[in-house]
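Trainee: Could we go through a structure together, with a ligand and the space around it in mind?

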Amino acid sequence: MAAKEPVNDEVAGEILFSANQPTDLPNRVSRLLPTWHLSASKKGITREFTFPTFTKAWKFMTLVADECKAKNHHPSWSNLYNQVTVEWTTHRPEGLSIKDVEMAEFCDRAADDIGLKG
Ligand SMILES: C[C@H](O)[C@H](O)[C@H]1CNC2=NC(N)=NC(=O)C2=N1
């Protein structure tokens with residue numbers, strides 16, 4: 001059995017999760033929290049990505065948009081030149097869900113592939 005992860009346990013306790021989520025969701029969220037932040041509402045997670053160029057920021061948004069279409073799950077996000085700010089939350093059932101975590105993990109992989117500003 002995996003050891004309990006103490007990191008960010010306090011934060012995980014404050015999160016407002018959607019109904020009927022897998023039991024390992026708090027641990028999966030905890031692993032994201034060094035780079036993602038709990039939204040003020042406590043119902044979502046946000047991260048700001050900074051790319052070397054606008055072209056790369058746009059490429060990132062294109063990759064994420066295609067995944068949104070595939071998964072039928074959509075972010076609240078904004079773009080300013082080379083920066084993309086992304087928030088994941090679930091409207092129904094309201095709160096943070098496994099879909100948000102999966103999409104956040106996808107964003108991290110896409111950003112890694114494209115390359116963040118050094
Ligand atoms: C009807 C359709 O399944 C819903 O509107 C989907 C679409 N995209 C969504 N995206 C997000 N982030 N949360 C949702 O609850 C959601 N619901």
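Here is a short talk about the ligand and its surroundings.

Mentor: Happy to! This is a predicted model, where local features need pLDDT of at least 70, side-chain atom pairs count only at pLDDT 80 or more, and totals for chains, interfaces and linings use all residues. Residues are numbered from 1 along each chain as its sequence is written, and side-chain values use heavy atoms, leaving out hydrogens and water.

Trainee: Which space is taken by the ligand?

Mentor: A molecule sits in a pocket if more than half of its atoms lie within 2 Å of its grid points. By that test, the space that the ligand takes is the largest pocket.

Trainee: Into which classes do the residues of the shell around the ligand divide?

Mentor: The ligand is surrounded (a heavy atom within 4 Å) by Asn72, His73, His74, Thr89, Thr90, His91 and Arg92. Arg counts as charged, while residues outside the nonpolar and charged lists count as polar. The shell therefore has no nonpolar, six polar and one charged.

Trainee: Which residue has a side-chain N or O atom 2.9 Å from an oxygen atom of the ligand?

Mentor: Polar contacts here are pairs of N or O atoms within 3.5 Å. Nitrogen atoms of the ligand lie 2.8 Å from polar backbone atoms of His74 and Thr89. The side-chain partner of the ligand oxygen, at 2.9 Å, is Asn72.

Trainee: How much of the ligand does the protein bury?

Mentor: Accessible areas come from the Shrake-Rupley method with a 1.4 Å probe. Taken alone, the ligand exposes 400 Å². Of that, the protein buries 61%.

Terms used: A polar contact is a pair of N or O atoms within 3.5 Å; within protein, one must be able to donate a hydrogen and the other to accept it, and residues adjacent in sequence count only if both atoms are side-chain atoms. On a 1 Å grid over the protein atoms alone, a cavity is a set of points where a 1.4 Å probe fits but cannot get out, and a pocket is an open set with protein on both sides within 12 Å along at least five of seven lines; lining residues have an atom within 4 Å of a point.
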